[in-house]
Amino acid sequence: MAQLPILQFEEKIIETVEQNQVVVIIGETGSGKSTQLSQMLHRRGYTKSGIIGVTQPRRVAAVSVARRVAEELGVHLGEDVGYAIRFEDRTSERTRIKYLTDGVLLRESLSDPELGQYSVIILDEAHERSLNTDTLMGLMKRLIRMRRSNLKVLITSATLDGNKVSKFFFDCPVLTVPGKLYPVEILYSNERPKSYIESCLKTAIDIHTKEPEGDVLIFMTGQDDIEKLVSKLEEKVYSLEEGSCMDAIILPLHGSLPPELQVRVFSRPPPNCRRFIAATNIAETSLTVDGVVYVIDSGYVKQRQYNPSTGMYSLNVVQISKVQANQRAGRAGRTRPGKCYRMYTSMDYQEELLDVTVPEIQRSSLAGSVLYLKSLDLPDIDILRFDFLDPPTSESLEDALKQLYLIDAIDENGSITRIGQTMAELPLEPSLSRTLIEANEYGCISQALTVAAMLSAETTLLPGNRKNVDKKRKHRSEDLPDGSGWGDHIQLLQIFELWDQKNYDVNWCKDHDLQVRGMLFVKDVRKQLCQIMQKIAKGSLEVWSFKNQKESQAGYWNLRKALCVGYANQLAERMIHHNGYRTLSFKPQVVQVHPSSVMKPDEEGKFADYIVYHELITTSRPYMRHVCGVQVDWVMPILNKVKNLNVNKLSGGSTDLTRGTIEGNVKNSPKKEDARTTSTLDGHDNKIQAARERFLARRGKK
DNA sequence: GAGCACTGC
């Protein structure tokens, strides 16, 4: 412990914290900042007047760091040192140092906006710029003014970002603490490779034949490329002349790999054997692989991006940032000096790569965040000018307001409604919280809770990889319920209800290729949601399943009705002669139902006239994932609302976004000024009108 | 008829 670099800086750090309310700490990997900063401040008496809270972006980090600190102080975890993550609060009245995920701290500030119990708040790993950390930084800026005398804030960041954070916090001091990494030699490509898979492959073979022992970590973009590289590398390595070099093991590592295959990277290789690990950026921060001496960096990452004008997400392969490139390189220097081979030129590194990763707040839908901020009811703060380190575009904020208005979370003046206030208390995206509240009115809260919980776990649940399933046993997915023709929400409900009937037997999940961990997570989420809903409804809710089929059908009807209200911002209408849909709540887009959907066409081969969708995502084409058919009669009030939408009024009337003080807004949306005068939907008014006419015609037919 | 990087309340 004594050799941790940060301890040499203790006097300097304490002195700076005493003289300043906010301090930025640039702590390189291995500096010990996560475990030592809190202990230093504890030693110097900062826990006498309150708790030291340290946030982490990941659950595992919060738990493991808390455990380490408890050990170092020789106390039981949960007493003087504790942690709080979702579903698990291991703190007590004695707790003085508390590690928590930034999401949990945000929840806490919902019930206590001044965060009065804390004397110090440390935002760790702020350079990762998660949506939650960015929101917290904005809140901290406000909080330090209110609690000038009794709150200290420390923010840890990366070299390239430190001055920016300091500027944001009124030019607060920046301290740099060196890390304890071994030197890593950086080797660039001479030219931009045509195929990065091929150049990764070639570099891997070069290392294997020429370099001394040590494992190789290769950063790729996704499962597909990883599998390609693994099979090519195997082929090459095994064709090498026997005895010409050491043995090799080649391992894939990515998020959709079952946990039992993921842990293979943690077992030591046999002697005289080199491991190659082809990984996504899961190995950049979340998992640390020991024994890595060589890193091959493709220079790319797969990144999700939201488009506020279409409501559509896309998953793109993009260049990494310099911060990411350095993080990847650092993975080679953990145990001894290493080498990092970059599959791009040094010119590209200097001139093409962004300094820092585009923060999540500029890549996501902000409906949830805006609702959260509105629910805090900060008297002195205009949400649209909320002081973010990197402000989102005005277009993105308007989109959030529009969505919130369509689901009744804010009124036409942009003020939060009672419904909105309740929604903010639920740890769900706004559409699902709105669905729960509506379902409570229709007596189908039990089903809605299940659907919301299932969708919270999403992708990891169902058998994704058909190839493997087909090989083993045939009719796995056919064994699962089919949503009774109404779509995926109903199917998810039916699956959970079946599992409930089996008394949550994990073997039942395995038999049906459902991810056990995912299903257990759903059970936890559902329980948590039940508790919150019960508190809100002030009475006992009927939170368990309907017993017989007849009641189920009535339940499905009401559930779909509740979904239609909750997803008013995610509604689509089928086009006349085929099964393509047009989105109605955004600038109209032509989209398809994702082929994995269980929604069934009717006798004429047609899908439902109107559906709600959980997500729009462009992969090979624009798709709606998780859809549910809704009745035509339920749609009319929503279309009326869309038609009468006035974004200017929603954003507070007097607030003219284009003249806002937020530099980033203007810079990022140069064309905004023209479209400003009236509702952003005016251009599509005729299309909405046409939809209303088609709607009336369809209703007439029924 | 497609396939999805990673987190978190």
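A polar side-chain atom of Ser620 lies 2.7 Å from a phosphate oxygen of DNA strand B. Thr101 also places a polar side-chain atom by a phosphate oxygen of this strand, at 3.0 Å. With Arg86 the polar atom belongs to the backbone, and its distance from a phosphate oxygen of DNA strand B is 2.8 Å. Each of these pairs fits the definition of a polar contact, a pair of N or O atoms within 3.5 Å; within protein, one atom must be able to donate a hydrogen and the other to accept it, and residues adjacent in sequence count only if both atoms are side-chain atoms.

These distances come from a predicted model, in which local features need pLDDT of at least 70 and side-chain atom pairs count only at pLDDT 80 or more, while totals for chains, interfaces and linings use all residues. Residues are numbered from 1 along each chain as its sequence is written, chains are lettered from A and ligands numbered from 1 in the order in which they are written, and side-chain values use heavy atoms, with hydrogens and water left out.

The surface by the DNA can be described further. A residue is near the strand if one of its heavy atoms lies within 4 Å of it. There are 31 residues around DNA strand B, and those that come nearest are Arg59, Gly255, Thr619, Tyr623 and Arg625. By type, the residues of this surface divide into eight nonpolar, 14 polar and nine charged. Here Ala, Val, Leu, Ile, Met, Phe, Trp, Tyr, Cys and Pro count as nonpolar, Asp, Glu, Lys and Arg as charged, and the others, Gly among them, as polar. On the DNA side, 70% of the atoms of strand B within 4 Å of the protein belong to sugar or phosphate, and the rest to bases.

Which element gives the most residues to the surface near DNA strand B? Helix α4 does, with three residues. Helices (H or I, at least four residues) and strands (E, at least two) are DSSP runs, numbered from the N terminus. Helix α4 also has buried residues: Asp102, Val104, Leu105, Leu106, Glu108 and Ser109. Buried means under 20% relative accessible area, exposed over 50%, and partly exposed in between, with a 1.4 Å probe and protein chains only. Among the elements that cover the buried residues of α4 are β2 (51-56), β3 (81-85), α5 (131-146) and α12 (367-376).

Now take the chain as a whole. Chain A has 27 helices and 21 strands. Of its 702 residues, 54% count as buried. A contact means heavy atoms within 4.5 Å. Of the contacts in chain A with a separation of 6 or more, 75% are between residues 24 or more positions apart.

In soluble globular proteins, nonpolar side chains tend to be buried together. A nonpolar core is a set of buried Ala, Val, Leu, Ile, Met, Phe, Trp, Tyr and Cys residues joined through side-chain atoms within 4.5 Å. The largest nonpolar core here has 107 residues, and Met137, Met140, Ile155, Phe169 and Leu436 have the most contacts inside it. Helix α16 (residues 445-457) gives the most to this core, with nine residues. A second, separate core has 31 residues, including Tyr46, Val81, Ile85 and Val120. Leaving out residues up to four places away in sequence, Ile155 touches Val22, Val23, Val24, Ile25, Leu123, Ala126, Met137, Val165 and Phe169.

Charged residues can be buried too, as the loop between β6 and α5 shows for Asp124. Asp124 has a relative accessible area of 1%, and its side chain makes a polar contact with the side chain of Lys33 at 3.2 Å. Arg129 is in the loop between β6 and α5 as well. Is Arg129 buried or exposed? Arg129 counts as buried because its relative accessibility is 3%. Its side chain makes a polar contact with that of Asp134 at 2.8 Å.

Two other loop residues can be placed. Gly78, in the loop between α3 (59-73) and β3, counts as buried at 13% relative accessibility. Apart from residues up to four places away in sequence, Gly78 touches Arg90, Thr91, Ser92 and Thr95. Asp609, in the loop between β19 (590-593) and β20 (610-618), counts as buried at 16% relative accessibility. The C-alpha atoms of Asp609 and Ala572 are separated by 8.5 Å, with their positions 37 residues apart along the chain.
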